[in-house]
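Student: I am new to this structure and should be grateful for a close look at a single part of the chain. Please take one helix and then the loops that deserve attention.

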Amino acid sequence: MIGIMGGTFNPIHYGHLLMCEHIREEFCLEKVLFVPAKSPPHKGSEGIVETGRRLEMVRLAIRDNPFFELCDVEMRMEGPSYTVETLRVLTREYGDGNRLCLIIGADSLVQFPTWKRHEEILGMADIIVARRPDTENGRLDETIDRLKAEHNARIHLSGAAALDISSTRIRNRAREGLSIKYMVPDCVERYIHEHRLYAEE
Ligand code: ATP
Ligand code: MG
């Protein structure tokens with residue numbers, strides 16, 4: 001099974017990395033593809049650093065993990081990045097003999113029923129969900145049950161501990177000149193500072 005970890009990665013952080021490493025082991029994944037979004041349909045473009053920078057931070061963050069790969073498929077696609085279209089491309093590239101699974105955080109899973117053609121996504125991939133501190137377990141369980149009942153979804157809940165790190169918090173801290181050490185890998189921290197990515201204008 002191949003894991004697909006989509007995100008804005010503005011910036012990538014230890015929450016993403018630790019959850020993917022844990023899930024890779026827990027579900028015996030062959031590898032995890034990190035798929036940065038070009039222009040995320042559910043977020044405005046304000047405050048999102050340019051694609052090349054986000055891609056480079058992911059590349060730096062995962063380069064010492066042989067099981068993690070950067071996948072720029074959404075960069076090669078026209079227009080906004082919809083997961084259903086990304087999955088169609090990845091199914092063509094990797095689907096032969098491999099099951100694909102989407103790795104997503106609890107906050108994204110509760111939004112999942114609003115995603116474009118989500119029932120089609122469920123037909124193409126399993127879903128592995130990681131808990132997140134800002135999402136109530138009750139709400140998460142309810143969404144999982146509903147997706148299973150209505151769409152026969154193959155959803156697995158990871159035992160990974162929820163980590164209280166988000167890109168929003170990192171951006172806010174960087175803007176205020178506060179430390180982001182131990183929230184992102186050193187190489188990403190250096191990259192952010194060198195390029196003054198989230199500094200006050
Ligand atoms: P932002 O604060 O800008 O929304 P984010 O930290 O949520 O950023 P994204 O790039 O939006 O990061 O997230 C990509 C995916 O990773 C989503 O499925 C999200 O739920 C998940 N995710 C991010 N951080 C964590 C975390 N600490 N624990 C579990 N899942 C996470
Ligand atoms: Mg988010």
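Tutor: What follows considers one helix and then two loops of this predicted model.

The helix is H3, which covers residues 83-94. H3 has twelve residues, so at 1.5 Å a residue a span of 16 Å is expected. The C-alpha atoms at its ends lie 15 Å apart, in agreement with that expectation. Several side chains of H3 are buried, namely those of residues Val84, Thr86, Leu87, Val89, Leu90 and Tyr94. An α-helix has 3.6 residues a turn, so residues three or four places apart point the same way. Among the elements that cover the buried residues of H3 are the strands S1 (2-7), S2 (31-36), S3 (68-70) and S4 (100-105), together with helix H5 (118-124).

Strand S1 leads to the next place of interest, the loop between S1 and helix H1 (14-26), where Pro11 lies. Asn10 and Pro11 are joined by a cis peptide bond, with omega at about 0 degrees. Phe9 belongs to the loop between S1 and H1 as well, and its phi is positive, near 50 degrees, although Phe9 is not a glycine. Most residues other than glycine have a negative phi, and most peptide bonds are trans.

A positive phi, about 60 degrees, also occurs at Asn152, again not a glycine. Asn152 is found in the loop between helix H6 (137-151) and strand S6 (155-157). The surroundings of these residues can be set side by side: Phe9 is buried, with a relative accessible area of 2%, whereas Asn152 counts as exposed at 66% relative accessibility.

Notes:
Residues are numbered from 1 along each chain as its sequence is written. Chains are lettered from A and ligands numbered from 1 in the order in which they are written. This is a predicted model: local features need pLDDT of at least 70, side-chain atom pairs count only at pLDDT 80 or more; totals for chains, interfaces and linings use all residues. Side-chain values use heavy atoms; hydrogens and water are left out. Helices (H or I, at least four residues) and strands (E, at least two) are DSSP runs, numbered from the N terminus. The expected span of a helix is 1.5 Å times one less than its number of residues. Buried means under 20% relative accessible area, exposed over 50%, partly exposed in between (1.4 Å probe, protein chains only). Contact means heavy atoms within 4.5 Å.
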